[in-house]
Amino acid sequence: MYDSPNELEFLGTAPDSLEKSVWEIQSDLCEDDTSFSGTIGGSENVTCDWVQRKTPQERKDFCVKFPDGRNQELYRFCPTSCEYDCLQTKPSSLDPESQSLILRSLQEICGDDNDFTFDYTDNKSPDQKATKCSDISELTPKGVITRVCRTRHRYPRTKIELSSICSRSCGGCPATEAPTQTSTVYVCGDDNDFTFDYTDNKSPDQKA
(Lines give C-alpha, C1' and ligand atoms only; values in the text may rest on other atoms or scores of the structure.)
Protein backbone atom coordinates (compact mmCIF):
# COMPACT_ATOMS: atom_id res chain seq x y z
CA MET A 1 0.00 0.00 0.00
CA TYR A 2 2.82 2.38 0.82
CA ASP A 3 6.14 3.06 -0.85
CA SER A 4 8.87 3.80 1.67
CA PRO A 5 12.28 2.64 0.35
CA ASN A 6 14.03 3.26 3.66
CA GLU A 7 11.62 1.22 5.76
CA LEU A 8 13.35 -1.73 7.42
CA GLU A 9 16.02 -1.69 4.73
CA PHE A 10 18.43 -4.61 4.92
CA LEU A 11 21.81 -3.54 3.64
CA GLY A 12 23.16 -6.64 2.01
CA THR A 13 22.93 -10.01 0.33
CA ALA A 14 24.30 -12.87 2.39
CA PRO A 15 24.65 -16.56 1.49
CA ASP A 16 21.29 -18.26 0.77
CA SER A 17 20.76 -19.76 4.25
CA LEU A 18 21.83 -16.57 5.98
CA GLU A 19 19.73 -14.33 3.75
CA LYS A 20 16.72 -16.61 4.32
CA SER A 21 17.17 -16.37 8.08
CA VAL A 22 17.50 -12.58 7.99
CA TRP A 23 14.35 -12.18 5.96
CA GLU A 24 12.44 -14.62 8.17
CA ILE A 25 13.44 -12.66 11.26
CA GLN A 26 12.41 -9.39 9.62
CA SER A 27 9.11 -10.99 8.62
CA ASP A 28 8.50 -12.04 12.23
CA LEU A 29 9.16 -8.46 13.31
CA CYS A 30 6.77 -7.10 10.69
CA GLU A 31 3.69 -7.34 12.92
CA ASP A 32 1.37 -4.91 14.65
CA ASP A 33 2.54 -3.42 17.93
CA THR A 34 -0.32 -4.57 20.17
CA SER A 35 0.79 -2.16 22.89
CA PHE A 36 0.43 0.88 20.62
CA SER A 37 -2.21 3.47 21.50
CA GLY A 38 -2.22 7.08 20.36
CA THR A 39 -4.14 10.13 19.19
CA ILE A 40 -4.42 10.95 15.49
CA GLY A 41 -6.28 13.92 14.05
CA GLY A 42 -8.47 14.27 17.12
CA SER A 43 -9.23 10.55 17.36
CA GLU A 44 -8.09 9.25 20.75
CA ASN A 45 -7.10 5.73 21.82
CA VAL A 46 -6.21 4.72 18.29
CA THR A 47 -4.92 1.11 18.25
CA CYS A 48 -4.04 -1.34 15.48
CA ASP A 49 -7.31 -3.21 16.09
CA TRP A 50 -9.12 0.11 15.72
CA VAL A 51 -7.41 0.60 12.35
CA GLN A 52 -8.55 -2.83 11.14
CA ARG A 53 -12.20 -1.89 11.71
CA LYS A 54 -11.94 1.10 9.37
CA THR A 55 -12.87 1.07 5.70
CA PRO A 56 -10.00 0.66 3.18
CA GLN A 57 -10.07 4.38 2.35
CA GLU A 58 -10.12 5.37 6.04
CA ARG A 59 -7.17 3.05 6.73
CA LYS A 60 -5.27 4.56 3.82
CA ASP A 61 -5.87 8.07 5.17
CA PHE A 62 -5.04 7.28 8.79
CA CYS A 63 -2.03 5.02 8.23
CA VAL A 64 0.11 7.77 6.70
CA LYS A 65 -0.55 10.20 9.56
CA PHE A 66 1.75 10.79 12.51
CA PRO A 67 0.27 9.98 15.94
CA ASP A 68 0.55 12.93 18.35
CA GLY A 69 3.98 13.03 19.96
CA ARG A 70 5.41 10.34 17.64
CA ASN A 71 7.99 10.81 14.87
CA GLN A 72 6.83 7.85 12.77
CA GLU A 73 3.73 7.23 10.69
CA LEU A 74 0.96 4.99 11.99
CA TYR A 75 1.75 2.25 9.47
CA ARG A 76 5.12 1.73 11.16
CA PHE A 77 3.33 0.77 14.37
CA CYS A 78 0.57 -1.20 12.65
CA PRO A 79 2.10 -2.67 9.44
CA THR A 80 -0.32 -5.62 9.31
CA SER A 81 -3.45 -3.56 9.87
CA CYS A 82 -2.22 -0.94 7.39
CA GLU A 83 -1.29 -3.66 4.86
CA TYR A 84 2.26 -2.36 4.69
CA ASP A 85 4.95 -4.65 3.27
CA CYS A 86 7.93 -4.24 5.60
CA LEU A 87 10.10 -6.41 3.36
CA GLN A 88 9.55 -4.65 0.04
CA THR A 89 13.10 -3.28 -0.17
CA LYS A 90 15.50 -5.56 -2.00
CA PRO A 91 18.97 -6.10 -0.54
CA SER A 92 22.26 -5.11 -2.15
CA SER A 93 25.66 -6.66 -1.37
CA LEU A 94 27.30 -7.25 1.99
CA ASP A 95 31.02 -7.23 2.64
CA PRO A 96 32.44 -10.38 4.31
CA GLU A 97 32.90 -8.65 7.69
CA SER A 98 29.23 -7.61 7.77
CA GLN A 99 28.16 -11.11 6.73
CA SER A 100 30.19 -12.58 9.58
CA LEU A 101 28.70 -10.14 12.08
CA ILE A 102 25.13 -10.92 10.99
CA LEU A 103 25.88 -14.64 10.99
CA ARG A 104 27.11 -14.51 14.60
CA SER A 105 24.05 -12.48 15.60
CA LEU A 106 21.70 -14.95 13.94
CA GLN A 107 23.42 -17.88 15.61
CA GLU A 108 22.74 -16.25 18.97
CA ILE A 109 19.07 -15.37 18.40
CA CYS A 110 17.96 -18.17 16.05
CA GLY A 111 16.49 -21.10 17.90
CA ASP A 112 13.40 -23.04 18.99
CA ASP A 113 10.49 -21.88 21.10
CA ASN A 114 10.61 -24.73 23.59
CA ASP A 115 7.42 -23.55 25.29
CA PHE A 116 5.35 -24.01 22.14
CA THR A 117 3.42 -27.26 21.78
CA PHE A 118 1.56 -28.77 18.83
CA ASP A 119 0.15 -32.13 17.76
CA TYR A 120 1.62 -33.74 14.65
CA THR A 121 1.23 -37.25 13.28
CA ASP A 122 2.81 -37.90 9.90
CA ASN A 123 0.36 -39.06 7.21
CA LYS A 124 2.86 -41.33 5.47
CA SER A 125 4.47 -42.66 8.65
CA PRO A 126 1.79 -42.58 11.39
CA ASP A 127 4.26 -43.84 13.98
CA GLN A 128 6.23 -40.62 13.59
CA LYS A 129 4.79 -38.02 15.96
CA ALA A 130 5.87 -34.74 17.50
CA THR A 131 4.41 -32.35 20.07
CA LYS A 132 7.32 -29.95 20.63
CA CYS A 133 10.37 -28.60 18.82
CA SER A 134 12.79 -30.99 20.48
CA ASP A 135 10.86 -33.97 19.05
CA ILE A 136 11.55 -32.95 15.45
CA SER A 137 15.18 -34.11 15.35
CA GLU A 138 14.05 -37.61 16.36
CA LEU A 139 11.73 -38.02 13.37
CA THR A 140 12.73 -40.34 10.52
CA PRO A 141 13.16 -40.41 7.60
CA LYS A 142 14.21 -36.87 6.72
CA GLY A 143 11.07 -36.35 4.65
CA VAL A 144 9.00 -36.45 7.83
CA ILE A 145 10.96 -33.50 9.22
CA THR A 146 10.36 -31.60 5.98
CA ARG A 147 6.62 -32.24 6.20
CA VAL A 148 6.22 -31.32 9.87
CA CYS A 149 8.23 -28.13 9.43
CA ARG A 150 5.89 -27.04 6.63
CA THR A 151 2.75 -27.38 8.75
CA ARG A 152 1.16 -24.11 9.84
CA HIS A 153 0.20 -23.21 13.40
CA ARG A 154 -1.34 -20.20 15.11
CA TYR A 155 1.50 -18.25 16.75
CA PRO A 156 0.26 -16.35 18.64
CA ARG A 157 -2.56 -15.01 16.46
CA THR A 158 -1.28 -15.49 12.91
CA LYS A 159 -0.77 -18.90 11.33
CA ILE A 160 2.87 -19.41 10.35
CA GLU A 161 5.02 -22.38 9.33
CA LEU A 162 6.45 -24.47 12.14
CA SER A 163 9.89 -23.81 10.65
CA SER A 164 9.61 -20.24 11.94
CA ILE A 165 8.76 -21.45 15.46
CA CYS A 166 11.23 -24.33 15.63
CA SER A 167 13.91 -22.69 13.49
CA ARG A 168 16.88 -24.65 14.79
CA SER A 169 15.21 -28.08 14.76
CA CYS A 170 13.90 -27.42 11.23
CA GLY A 171 17.37 -26.47 10.00
CA GLY A 172 16.63 -22.79 9.51
CA CYS A 173 19.46 -21.44 11.66
CA PRO A 174 22.92 -20.71 10.21
CA ALA A 175 25.30 -23.59 10.78
CA THR A 176 28.11 -23.13 13.26
CA GLU A 177 31.40 -24.40 11.86
CA ALA A 178 33.34 -26.58 14.24
CA PRO A 179 36.99 -25.53 14.63
CA THR A 180 39.48 -27.88 12.99
CA GLN A 181 42.25 -27.00 15.44
CA THR A 182 42.83 -25.19 18.70
CA SER A 183 41.98 -21.52 18.36
CA THR A 184 44.80 -19.03 18.61
CA VAL A 185 44.16 -16.00 20.78
CA TYR A 186 45.81 -12.81 19.59
CA VAL A 187 46.38 -9.96 22.01
CA CYS A 188 46.19 -6.47 20.52
CA GLY A 189 49.54 -4.70 20.80
CA ASP A 190 52.91 -3.95 19.14
CA ASP A 191 55.51 -6.48 18.00
CA ASN A 192 58.61 -4.77 19.35
CA ASP A 193 60.87 -7.36 17.73
CA PHE A 194 59.76 -6.40 14.21
CA THR A 195 61.95 -3.92 12.29
CA PHE A 196 61.37 -1.93 9.09
CA ASP A 197 62.80 1.12 7.26
CA TYR A 198 60.49 4.07 6.51
CA THR A 199 61.22 7.63 5.31
CA ASP A 200 58.22 9.87 4.68
CA ASN A 201 58.04 11.28 1.13
CA LYS A 202 56.59 14.65 2.13
CA SER A 203 58.62 15.05 5.30
CA PRO A 204 61.97 13.26 4.69
CA ASP A 205 63.17 14.14 8.20
CA GLN A 206 60.41 11.89 9.57
CA LYS A 207 61.79 8.37 9.75
CA ALA A 208 60.95 5.15 11.54
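This note goes through the disulfides, nonpolar cores and strand pairs of a predicted model.

1. **Disulfide count.** The structure holds 4 disulfides. A disulfide is a covalent bond between the sulfur atoms of two cysteines. Three of the links are taken up below, under the cysteines C48 and C78, C133 and C166, and C149 and C170.

2. **C48 and C78.** These two cysteines form a disulfide, with sulfur atoms 2.1 Å apart. What does the pair tie together? C48 sits in helix α2, residues 48-52, while C78 sits in the loop between α4 (74-77) and α5 (96-109), so the link ties together parts that are 30 residues apart in sequence. The link is left-handed, with -80° about the S-S bond. Both C48 and C78 are buried.

3. **C133 and C166.** Here the sulfur atoms are 2.0 Å apart, and the two cysteines form a disulfide. The link is left-handed, with -70° about the S-S bond. C133 belongs to helix α6 and C166 to the segment after β6 (159-161), so parts 33 residues apart in sequence are tied together. Are these cysteines buried or exposed? C133 counts as buried because its relative accessibility is 1%, and buried means under 20%. C166 is buried too, with a relative accessible area of 0%.

4. **C149 and C170.** A disulfide joins C149 to C170, S to S 2.0 Å. Its torsion about the S-S bond is about -95°, so the link is left-handed. C149 lies in helix α7 and C170 in the segment after β6, so this pair ties together parts that are 21 residues apart in sequence. C149 and C170 are both buried.

5. **The largest nonpolar core.** This core has 16 residues. Which of them touch the most other members? They are F118, I136, V148, L162 and C166. β3 (117-121), α6 (133-136) and α7 (142-150) each supply at least two residues. The largest share, 4 residues, comes from α7.

6. **Around C166.** C166 appears twice in this note: as a disulfide partner of C133, and among the core residues that touch the most other members. Leaving aside residues up to four places away in sequence, C166 touches G111, D112, F118, C133 and I136. F118 and I136 are also on the list of core residues with the most touches.

7. **The other core.** Another core, of 14 residues, lies apart from the largest one. V46, C48, C63 and Y84 are among its members. C48 also forms the disulfide with C78.

8. **The β1 and β2 hairpin.** Strand β1 (residues 38-40) pairs with strand β2 (residues 43-46) in the antiparallel sense, over 2 bridges. Which residue is the bridge partner of I40 in β2? It is S43. The hairpin has 2 residues between the strands, and G41 takes a positive phi near 55°.

9. **The two faces of β3.** In a regular strand the side chains alternate between the two faces of the sheet. In β3, F118 and Y120 make up the covered face. T117, D119 and T121 make up the uncovered one. F118, on the covered face, is one of the residues that touch the most other members of the largest core.

10. **β3 and β4.** β3 runs antiparallel to strand β4 (residues 129-132), and 3 bridges join the two. T121 stands opposite K129 in β4. T121 is also part of the uncovered face of β3.

Technical notes: Residues numbered from 1 in each chain as written. Predicted model: local features only at pLDDT ≥ 70, side-chain atom pairs only at ≥ 80, totals over all residues. Heavy atoms only, no water. Core = buried A, V, L, I, M, F, W, Y, C linked by side-chain atoms within 4.5 Å. Buried < 20%, exposed > 50% of the residue type's maximum accessible area, 1.4 Å probe, protein only. Contact = heavy atoms within 4.5 Å. Disulfide = S-S within 2.5 Å. Pairing = 2+ DSSP bridges.
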